[in-house]
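Hi,

Here is the structure I promised to pass on. Have a look at it first, and my notes follow underneath.

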Amino acid sequence: MNQKEMIERAKTHLEKLLKDQFSRIEKMNETKDFVDYKKLDKIVIGIVGGDGIGPFITAEAQKILEFLLQDEVKNGKVTFRVIEGLTIENRADQRKAIPDDVLEELKQCHVILKGPTTTPRAGDPWPNIESANVAMRKELDLFANVRPVKVPEQGIDWTFYRENTEGAYALGSDGIHVNDDLALDFTVTTQEGSYRIIKAAFDYASKNKINKVTVVTKANVVKATDGKFLDVARQVAEEYPDVEWDDWYIDIMTAKLVDEKRRTQFKVMVLPNLYGDILTDEAAEFQGGVGTAGSANIGKQYAMFEAIHGSAPRMVDEGRAQYADPSSIIRGASMLLDHIGYQEKAKNLQMALDICGQFEKKIALTGRDDGANGAEYAEYIMNTLSDPNLEEKWTSFL
Ligand code: IPM
Ligand code: MG
């Protein structure tokens, strides 16, 4: 192929990407309101095991949800729906990030609890299909990735609002391999896509009387897309005159998170997809690692909750899957409860997780047979939840 032909081929590719983005924008503009769970007769909670240790830890989180929602299940307000088939084997077989029948089933649920799924990359034994996570966020339009990180004794209380459907991820599997010398990827920022995530962050700050939102970009260098994100932030900020805000660049932000004197000043942070991916892993490390953090993926119609760690295939290969720590996905489960209107149950579960994992630590997981297994740990959490003095107990540790 000569240069002219390569350019023509790239143009055709780009034209299709642009058309797809225009229709995505149209769809985004059509959906303005969030589902009101209180008005639903029945809430369907989908349970997706995923790959590797996923089915093991997800089963423990499901037990805890069933325990906390036993009355609601009895009176028909809540029902669980276990969805099979979101495994790397099935996805590889069908060469689809999410097989069609699985996607249909996901859409029958209001909220989903999902175990980690394997993300292939070039050179893996699997075809290089798109990440199931990324695909689900896009397909269900789960635009707000909310990731709280708390270390009370260090004064850390952060809530990250990571944009979840755009940025470097939107076309992450749709770049152009122009020829052996040249590859291009794209990053996407839209008006509505930026508006809805930044508004979600300001809304959260305003409702919870947190007087500080920090917008993180690299708008001095990535001028079109990050520039747009920052511009939209200025527009949204005008709607919230009572919420103070500032903007930081991602590089210095990453540095300031390790600055003990400065980092406690950050409260709510809102940022484009890839920066959010990176910064939230760093942040979770202060709390005890990615294994301890939960993650909510919230859209206007659907929401999905998950652990922020991966599927740990090595643990499965070594026969240790039952010793995997379910804390992160159980944190996800507590965010699910909060999201569908069970704030009290969510708060209790958070406290039980803190007591079991950070304070009391009667039993501990080591990831091996010299520690507790996931089922024993879930049992410990449920026993802790049953303590009528749960809140006093939790407070006594602070
Ligand atoms: C996360 C993960 C995913 C991401 C991977 C598994 C695709 O790292 O949820 O942060 O990059 O978003
Ligand atoms: Mg990540």
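**Where the two domains meet**

Between domain 1 and domain 2 there are 5 residue pairs in polar contact, counting pairs with both residues at pLDDT 80 or more. On the domain 1 side that touches domain 2, helix α6 (residues 132-139) gives the most, with 3 residues. Sorted by class, that side of domain 1 has 7 charged residues, 4 nonpolar ones and no polar ones.

Keep in mind as you read that this is a predicted model.

To get your bearings in the chain: domain 1 is made of two stretches, 31-142 and 299-398, while domain 2 covers 146-288. Their centres, taken over C-alpha atoms, are 24 Å apart.

How many residues of each domain are in contact with the other? For domain 1 the number is 11, and they touch 14 residues of domain 2. Together the two domains bury about 1,200 Å², with 48% of that on carbon and sulfur atoms. Three residues stand out on the domain 1 side: R137, K138 and I308 supply 40% of the area that domain 1 buries against domain 2, more than any other three residues.

There are salt bridges here too. The rule finds 2 of them across the interface of domain 1 and domain 2. If you'd like a salt bridge to look up in the viewer, try K32 and E192: their closest N and O atoms are 3.3 Å apart.

That's what I have on the interface for now.

Cheers

Conventions
Residues numbered from 1 in each chain as written. Chains lettered and ligands numbered in written order. Predicted model: local features only at pLDDT ≥ 70, side-chain atom pairs only at ≥ 80, totals over all residues. Heavy atoms only, no water. Domains from an automatic or database assignment. Contact = heavy atoms within 4.5 Å. Buried area = accessible area lost by both parts, 1.4 Å probe. Salt bridge = Lys/Arg side-chain N within 4 Å of Asp/Glu carboxyl O. Polar contact = N/O pair within 3.5 Å; in protein donor to acceptor, adjacent residues only side chain to side chain. Helix = DSSP H or I, 4+ residues; strand = E, 2+ residues; numbered from the N terminus. Nonpolar A, V, L, I, M, F, W, Y, C, P; charged D, E, K, R; others polar.
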